[in-house]
Amino acid sequence: FYDGMEIDGLDPRMGGVIDLGSIQLWPAEEVRIERGADEVRVHVRTWRAQRTTPYTRADVGTGDQETDVYRGYFGRRFHRGEALQVAAQQLSTTPSRFAEGSNHASVHVRVGWAKGWWRFDATVLRSTPDRGTILALPRTDPPDSVVAAAGTETNGYLRVAYGDPEAGPWAQLIVGAQEHKFRGQPAPPDETPEEGETGPDPDTTRYQAQYVLTGGVTWRG
């Protein structure tokens, strides 16, 4: 769940299972695990700008396989109740031996307004993974490599809320949408897919709308 909106596995190649690598944790402010009788729920709360003083942050990291990570945040609440948050991340790797270059870009944007007990906001989280071919080791003939893949994941919602879930009575309505677009690979190698196996559709798009109405009261902690 992102900010109360359930995330489903829309990638048809995954058979209804969510690819854990597609879950964006970098914009998270809090992650909470809830164990049930037949499932485990993971609740991710994205970061919030709560002060009128501008908040800025920049991260730069490097690693092996020529891996680079760039990440930046900006958030501010204005005196009349408006709020603006923008964050972006770029992860890239260009290994010379094991694979072709890959990159994963993500952006998180939120605009909102709050006054008294009322709050309105619109949030979008979009990521575009683009993976190059991962070569098999040791070398085989024919090569048994992981083929290139690219896609776009988009999650967004509009929220109208009253009160504060952390104190007193509260209620909120979320109108959200989730989209997965698989761009496929333009020229798969001869050995992929195997004989008799159906190849992935390069023009595959899955979309799902979601409406969530919740409410409650928080009393004495």
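**Pockets, cavity and Thr 123**

In the second largest pocket, β8 supplies the largest share of the lining, seven residues. The model is predicted. This briefing covers the two pockets, the cavity and Thr 123, one of the residues that line the largest cavity.

**Second largest pocket**
- The second largest pocket holds about 780 Å³ of space.
- It is lined by 38 residues, of which Asp 19, Gly 21, Ser 22, His 104 and Pro 129 are the closest to its centre.
- Two or more lining residues come from each of β5, β6, β7, β8 and β9.
- By class, this lining divides into 13 nonpolar, 17 polar and eight charged residues.

**Largest pocket**
- The largest pocket has a volume of about 1,100 Å³.
- Its lining has 35 residues, and the closest to the centre are Arg 45, Arg 48, Arg 159, Pro 165 and Gln 172.
- In the largest pocket β8 again gives the most to the lining, with six residues.
- The lining of the largest pocket comprises 14 nonpolar, nine polar and 12 charged residues.

**Cavity**
- There is one cavity of 30 Å³ or more, and the largest cavity has a volume of about 70 Å³.
- Residues lining the largest cavity include Tyr 2, Asp 3, Met 5, Thr 46 and Thr 123.
- β7 and β8 (149-164) each give at least two residues to this lining, which has five nonpolar, five polar and one charged residues.

**Thr 123**
- Thr 123 lies in β7 (residues 118-131) and is buried, at a relative accessible area of 4%.
- The side chains of Thr 123 and Arg 110 are joined by a polar contact of 2.8 Å.
- Beyond its neighbours within four places in sequence, Thr 123 is in contact with residues including His 108, Asn 155 and Tyr 157; His 108, Asn 155 and Tyr 157 also line the largest cavity.

Key: Residues numbered from 1 in each chain as written. Predicted model: local features only at pLDDT ≥ 70, side-chain atom pairs only at ≥ 80, totals over all residues. Heavy atoms only, no water. Helix = DSSP H or I, 4+ residues; strand = E, 2+ residues; numbered from the N terminus. Buried < 20%, exposed > 50% of the residue type's maximum accessible area, 1.4 Å probe, protein only. Polar contact = N/O pair within 3.5 Å; in protein donor to acceptor, adjacent residues only side chain to side chain. Contact = heavy atoms within 4.5 Å. 1 Å grid on protein atoms, 1.4 Å probe; cavity = no way out; pocket = protein on both sides within 12 Å on 5 of 7 lines; lining within 4 Å. Points joined across faces, edges and corners; volume = space filled by probe spheres on them. Nonpolar A, V, L, I, M, F, W, Y, C, P; charged D, E, K, R; others polar.
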